[in-house]
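Q: Could you take a close look at one helix and the part of the chain it is tied to, and then work outward from there? I would like the charged contacts treated with care, and the reasoning spelled out where it matters.

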Amino acid sequence: MYWEQTAAMRVENKTSTFQDIKRGVTQSCVLSPDLFSLYSEIIMRNLENHPQIKVGGQNINNLRYADDTVLIAENKEDLQKLLNVFEEESRKKGLELNSKKTEVMVISRKQESPKCDIFINEVKLKQREKFKYLGTIISNDGKTYREMSAKLLRQRSTFKIKTILTNKHISIETRKRALQCYIEPVLMYGCEAWTISKQIQNKLEATEMWFLRRMLRIPWTAKKTNERVLNEANKRRSLIRTIRKCQATFLGHVMRRAKLKHLVTTGKLEGKRSRGRQREKIMDGLAIWLGPGKVTDTLTDVKDRDLWRDMIAKAYKQGT
């Protein structure tokens, strides 16, 4: 379809000379995504025997979603080797890497992120402290605090459908449903991967109360407690419980499918454990929310779909 294509321009009854089309696939062609996936897979297969990180005994050096590709390595030298192979194989297929759209980030527990000088054709790539990947902000400390802060600030500043949520002529029940349908899903985008610390939980609860106070038109000078506001709205706190429910439901799908996400969730990285207190993991918070028990017990229960649904429903109802 695409080899040796020519095209001409016609204006009224006059036709220009035919010219060769030197571009690749067209955006509107149904064959374009298949060809892109084919080329991408061929290029990535050349990275299989190159430097990788091991999670649960399995080697991983890249993550792919459509045309968004992430290369992963343990150190700067290995990452440069991966990028060189990726760039060379892409060039053989007639593709080029855009150095302006390619960035580097080092994920570390250190206060100051280590420098990482990576080059594409002698062009130094920009090192970032954070960047947005698939709609979610990834930060160099590996935490979700920046993502949560940016999302909460954005939701407060825009406060979409404000005219509906603050309209006294609409019943409070209808406005609460509008909040649940149009505001909370945007706020909770990507919540399945959040590690909810006490600090993040406080921010989420404060945001939930902020929306309720705006809906009821309660000024800060009124000095009403959160309990009184909840009573006036005939509502109980539900944002944290909804997030936990989404996480538990997603965990059930991941564990039962036993694919790469299962390995990343349950696998261990090779090497020594860092000094000091270890970071809280998603599994730790879910094990506490679902009830008393160890993480290993939770992973055992998740295999029984009916039991897992009952555990989630019970935890959501109790609000633990």
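**Helix H1 and its partners**

A: Leu38 lies in helix H1, and everything said about it here rests on a predicted model rather than on an experimental structure. Leu38 is one of the residues, together with Tyr39, Ile42 and Leu95, that make a nonpolar surface patch of about 330 Å². The relative accessibility of Leu38 is 46%, and because this value falls between the limits for buried and exposed residues, Leu38 counts as partly exposed.

Helix H1 is also where a charged contact begins. Among the ten salt bridges that the structure holds is one between Glu41 and Arg64, in which the closest N and O atoms are 3.2 Å apart. Glu41 belongs to helix H1, which covers residues 32-45, whereas Arg64 belongs to strand S7, so this salt bridge ties together parts that are 23 residues apart in sequence. Neither partner is hidden from the surface: Glu41 has a relative accessible area of 29% and is therefore partly exposed, and Arg64, with 38%, is partly exposed as well.

What does the strand that carries Arg64 pair with? Strand S7 (residues 62-65) pairs with strand S8 (residues 68-71) in the antiparallel sense, over four bridges. Within this pairing Asn62 stands opposite Leu71 in S8, and Arg64 stands opposite Thr69 in S8, which means that Arg64 has a place in the strand pairing as well as in the salt bridge to Glu41. In a regular strand, side chains alternate between the two faces of the sheet. The hairpin formed by S7 and S8 has two residues between its strands, and in it Ala66 takes a positive phi near 55°.

A second salt bridge offers a contrast in how its partners are placed. Glu89 and Lys92 form this pair, with the closest N and O atoms 3.6 Å apart, and both residues lie in helix H2 (residues 76-92), three residues apart, or about one turn of the helix. The pair joining Glu41 to Arg64 connects a helix to a strand, but the pair of Glu89 and Lys92 stays within one helix. Buried means under 20% relative accessible area, so Glu89, at 11%, is buried. Its partner Lys92 has a relative accessible area of 55% and is therefore exposed. Returning to helix H1, salt bridges that share partners join Glu41, Arg45 and Arg64 into one network.

Further along the chain, Asp117 forms a salt bridge with Lys124, the closest N and O atoms being 3.1 Å apart, and Asp117 is partly exposed, with a relative accessible area of 32%. Such pairs rest on a general principle: side chains of opposite charge can pair when their charged atoms come close.

Which backbone angles stand out in the loop between strand S10 (119-120) and strand S11 (123-124)? Asn121 is placed in this loop and has a phi near 50°, a positive value in a residue other than glycine. Glu122 is likewise placed between S10 and S11, and its phi is near 65°, again a positive value in a residue other than glycine. With a relative accessibility of 58%, Asn121 counts as exposed, and Glu122, at 79%, counts as exposed too.

Two other places help to set the scene. On the surface, Arg156, Lys162, Lys168, Lys203, Arg214 and Arg217 gather in a patch of positive charge, and of these Lys162 is placed in helix H4 (residues 162-165). Ile183, by comparison, sits in helix H5 (residues 172-187), and its relative accessibility of 2% is the reason that it counts as buried. The C-alpha atoms of Ile183 and Gln155 are separated by 7.9 Å, although these residues are 28 residues apart along the chain.

Conventions
Residues numbered from 1 in each chain as written. Predicted model: local features only at pLDDT ≥ 70, side-chain atom pairs only at ≥ 80, totals over all residues. Heavy atoms only, no water. Pairing = 2+ DSSP bridges. Patch = residues over 30% accessible without salt bridge, like charges linked within 9 Å, V, L, I, M, F, W, Y side chains within 5 Å. Areas by Shrake-Rupley, 256 points an atom, 1.4 Å probe, with all protein chains shown as cover. Salt bridge = Lys/Arg side-chain N within 4 Å of Asp/Glu carboxyl O. Lys, Arg positive; Asp, Glu negative; His and termini not counted. Charge placed at Lys NZ, Arg CZ, Asp CG, Glu CD. Buried < 20%, exposed > 50% of the residue type's maximum accessible area, 1.4 Å probe, protein only.
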